[in-house]
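Work through the exercises below with the sequence and the model open. Each task is followed by a solution in steps.

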Amino acid sequence: MERINYRELVQTILKRHSIHHSNDDTEVQLIFDTERDHYQVLHLGWEELRRVYGCIIHIDIKDDKIWIQRDGTEAGVANELVTAGVPKQDIILGFHAPYKRKFTEFAAG
């Protein structure tokens, strides 16, 4: 069985999420550092007098594991990865403290 290309899969998922967050006054930036395997979706701009700036999703790939550092989606990026065929033992919920990860169904790190 052929192994899933995690870089391509992560980029595909992040591109899909970038469509849902933009409007006329704000923009979504996809930031892909493919050399170091850091991937982010940022939301920035202005909504009237309020500054909008924040990371929606941040994923790193380290040692053939997908680290979800930030997930501001409702669907859950981890669920999307599992649906795409990524084994749960290759996904680490980096936004959880290390001592809490062992209580999830995903890798502890």
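Arg16 is partly exposed, with a relative accessible area of 42%; buried means under 20% relative accessible area, exposed over 50%, and partly exposed in between (1.4 Å probe, protein chains only). The model is predicted, so local features need pLDDT of at least 70 and side-chain atom pairs count only at pLDDT 80 or more, while totals for chains, interfaces and linings use all residues. Residues are numbered from 1 along each chain as its sequence is written, and side-chain values use heavy atoms, with hydrogens and water left out.

**Exercise 1. Salt bridges**

Task: Find the salt bridge partner of Arg16 and state which parts of the chain the pair links.

Solution.
Step 1. The criterion for a salt bridge is a side-chain nitrogen of Lys or Arg within 4 Å of a carboxyl oxygen of Asp or Glu.
Step 2. Arg16 meets it with Glu80, where the closest N and O atoms are 3.2 Å apart.
Step 3. The pair links distant parts of the chain: Arg16 belongs to helix α1 (residues 6-19) and Glu80 to helix α2 (residues 77-83), 64 residues apart. Helices (H or I, at least four residues) and strands (E, at least two) are DSSP runs, numbered from the N terminus.
Step 4. Glu80 is buried, at a relative accessible area of 16%, whereas Arg16 is partly exposed.

Task: Decide whether Asp90 and Lys65 are each buried or partly exposed, and describe their salt bridge.

Solution.
Step 1. The closest N and O atoms of Asp90 and Lys65 are 3.5 Å apart.
Step 2. This pair also links distant parts of the chain, with Asp90 in the loop between α2 and β5 (91-93), Lys65 in strand β4, and their positions 25 residues apart.
Step 3. Asp90 counts as buried because its relative accessibility is 10%; Lys65, at 25%, counts as partly exposed.
Step 4. Both residues belong to a network of salt bridges that includes Arg3.
Step 5. A search of the whole structure gives 7 salt bridges. One of them joins Glu47 to Arg50, with 2.6 Å between the closest N and O atoms; Glu47 is partly exposed, at 30% relative accessible area.

**Exercise 2. The sheet**

Task: Give the strand order of the sheet and name its edge strands.

Solution.
Step 1. Two strands pair if DSSP finds at least two bridges between them. Strands of a sheet pair through backbone hydrogen bonds, either parallel or antiparallel.
Step 2. Here 5 strands form an open sheet in the order β1-β2-β3-β4-β5, with mixed pairing.
Step 3. The edge strands, β1 and β5, each pair on one side only.
Step 4. β1 and β2 are antiparallel over 8 bridges, and Leu30 stands opposite Val41 in β2.
Step 5. Strand β2 (residues 38-47) runs antiparallel to strand β3 (residues 50-62), joined by 10 bridges. Gly45 has Val52 in β3 as its bridge partner, and Tyr39 faces Ile59 in β3.
Step 6. β3 and strand β4 (residues 65-71) are antiparallel too, with 6 bridges. Across this pairing, Ile59 is opposite Ile68 and Asp60 is opposite Trp67.

Task: Which turn residues of the hairpins take a positive phi?

Solution.
Step 1. The hairpin of β1 and β2 has 4 residues between the strands, and Asp37 in the turn has a positive phi of about 60°.
Step 2. Between β2 and β3 there are 2 residues, and Glu48 takes a positive phi near 55°.
Step 3. The hairpin of β3 and β4 also has 2 residues between its strands, with Asp63 at a positive phi of about 50°.

**Exercise 3. Two residues in their surroundings**

Task: Is Asp37 buried or exposed, and what does Asp37 touch?

Solution.
Step 1. Asp37 lies in the loop between β1 and β2.
Step 2. Asp37 is buried because its relative accessible area is 10%.
Step 3. Contact means heavy atoms within 4.5 Å. Not counting residues up to four places away in sequence, Asp37 touches Arg7, Ile59, Asp60 and Ile61.

Task: Describe the place of Gln29.

Solution.
Step 1. Gln29 is in strand β1 (residues 26-33) and is partly exposed, at 31% relative accessible area.
Step 2. Gln29 and His43 are 14 residues apart in sequence, yet 6.5 Å apart in space, C-alpha to C-alpha.
Step 3. Leaving out residues up to four places away in sequence, Gln29 touches Gln40, Val41, Leu42 and Leu44.
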